[in-house]
Amino acid sequence: MSQHDVIVIGAGVIGCSVAYHLAELGAQRVLVLDRGQVGAGTSSQSSGILRTHYSVPENVELARRSWQVFDRFAELLDDDQASAGLVKCGYLIAAPEGPKLEPLRAAIAAQQAMGIAVQRLSPAQALERLPICRFDDAALIGFEPEAGFADAYLVASSFARGARRRGVTILEGVEAQSLLLSEGRVAGVMSSRGRFDAPTVVSAQNIWATEIERWTGIATPVRAERHRVLALAGPQAYSRTMPVYKDLGSPGMLYCRSYGGTQMLVSEGTAGEALDGPDNEPGEVSIDQVIGIGAQVADRFPCFDSAGLASSWTGVYDVTPDWNPVLGHLPELPGLVVGYGFSGHGFKLSPAVGRVLAQAALGLPTDVSLAPYALERFRAGRLLSGRYGSGAVS
Ligand SMILES: Cc1cc2nc3c(=O)[nH]c(=O)nc-3n(C[C@H](O)[C@H](O)[C@H](O)COP(=O)(O)OP(=O)(O)OC[C@H]3O[C@@H](n4cnc5c(N)ncnc54)[C@H](O)[C@@H]3O)c2cc1C
């Protein structure tokens, strides 16, 4: 038996951020358990895009606070070797006439009202920033300069290193097998390495959060969804100075960014392949899927008509019914705090989410209200749905 103040299950970018912030907030005996390795779960599959653009204002606030951390990462972690791998290339988002236009207009106006630097560009101005793209049908284009992409694995491992330097114990290769309960509240974790006692447990288990339902009977509305990502080598480079691009006009609501300095990383931002259970194994990327995404790319980036497929991979989202996470205490079980259901957009929120979950775990006021993210919203019908429909842009 071993006594701790807080146990975190999961050492992805969320769990490592929670652990780091717990230590920063003064928690003493913090233990992190992961059945695999730091950052090796779905975080290692992330496309890494950072933006504050959302149609859900609560997400804008979490993303804004997180960007402030990404932007000064090593300094804030007080660690010269910490790195987010940040590429500050900005974020372009465009919609043609049609159903996505009004949501885009409203989201940009909301960002501006919150003081976020987001500009409206003409097609000619957009073309200057992303000359390999075409904007002739764009009815509205937004550009966020304080945005770009980073590396979720690096961020997870930097938070883990920061947590360890502040006294946190991280055990890799140790599986949480059930929650220990006593007098109607959490008392610790039973693991593959025996019993660990703690009055507070934070679950940062991503698609494996369904284990909470198995352990406690409390519904966990999250399902695993597989997504395909391609790296394309075109005749012209998608350089690192070119912004991330979100194409609200394409059937798959494509997102694209520079990859490796010259290639394009591209994926669809709509619903993916529903899996029967939490399974993070690599899946197939069929030739039909490559052709389907490639055709959308060629339509928007004419010179990519002759692009070659450099590589492809899959990754799994933890999707909730409204494509937004569940954050905070579960009132049915005192002592349990959860952070799951990031629905393909959790990396950009991870610094702020780690801090608010740590605050919740320690019984402190949270920087932003967690009420909109409560599990209760699904029972009460107060969904946190974005205006773009299903998809990670939320
Ligand atoms: C293809 C893809 C592209 C993405 N692109 C973006 C993007 O551009 N921008 C963005 O913001 N987000 C993006 N995301 C989402 C983002 O990467 C995730 O939301 C984030 O990485 C999730 O982190 P996590 O810590 O919740 O999960 P994970 O990294 O999966 O960590 C969960 C950990 O919990 C551990 N665990 C679970 N159960 C147990 C147990 N019982 N015992 C011990 N350990 C356990 C697992 O081993 C795992 O390491 C993308 C995701 C994918 C898949």
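Among contacts in the protein chain between residues at least 6 apart in sequence, what share joins residues at least 24 apart? In this predicted model, the share comes to 74%. So much for who touches whom; the overall build comes next.

The protein chain holds 10 helices and 21 strands. Its C-alpha atoms fit into a box of roughly 65 × 45 × 45 Å along the principal axes. A compact globule of 394 residues would have a radius of gyration near 21 Å, and the protein chain has 21 Å, so the two agree. Of the 394 residues, 52% are buried, that is, they have 20 or more other C-beta atoms within 10 Å of their own.

One part to look at is an open sheet. Six strands make it up, lined up in the order β9-β3-β2-β13-β21-β20, and the pairing is mixed. At the edges stand β9 (169–172) and β20 (326–329); each has a single partner strand, so one side of each is left without a neighbour in the sheet. Going from strand to neighbouring strand, the turn is 15° on average, with direction ignored. Within this sheet, β2 (residues 6–9) runs parallel to β3 (residues 30–34), and the two are paired over 4 bridges. Zooming in on one residue, I9 has L33 in β3 as its bridge partner. Helix α1 (residues 13–24) packs on the sheet, where it touches β2, β3, β13 (200–203) and β21 (336–340). The direction of α1 makes about 170° with that of β3.

Another helix worth a look is α4 (residues 101–113). Its 13 residues span 18 Å from the first C-alpha to the last, close to the 18 Å expected at 1.5 Å a residue. Which residues of α4 are buried? They are L104, A107, I108 and Q111. These four cover an arc of only 95° around the axis, which means they sit on the same side of α4. The spacing fits a simple rule: an α-helix has 3.6 residues a turn, so residues three or four places apart point the same way. On the other side of α4, the picture flips, with E102, A106, A109 and A113 exposed. As for what lies over the buried residues of α4, the cover includes α2 (57–70), β5 (91–95), β6 (119–120) and β7 (140–144). After α4 comes G115, which has a positive phi, near 85°.

Technical notes: Residues are numbered from 1 along each chain as its sequence is written. This is a predicted model: local features need pLDDT of at least 70, side-chain atom pairs count only at pLDDT 80 or more; totals for chains, interfaces and linings use all residues. Two strands pair if DSSP finds at least two bridges between them. Axes are lines fitted to C-alpha atoms, for helices over the stretch in contact, and angles run from 0 to 180 degrees between N-to-C directions. Two residues are in contact if their C-beta atoms, placed from the backbone, lie within 7 Å. The expected span of a helix is 1.5 Å times one less than its number of residues. A residue is buried if 20 or more other C-beta atoms lie within 10 Å of its own, exposed if 12 or fewer, and partly exposed in between; C-beta atoms are placed from the backbone. The arc is that of the directions from the helix axis to the C-beta atoms. The radius of gyration is taken over C-alpha atoms; the globule rule is 2.2 Å times the number of residues to the power 0.38.
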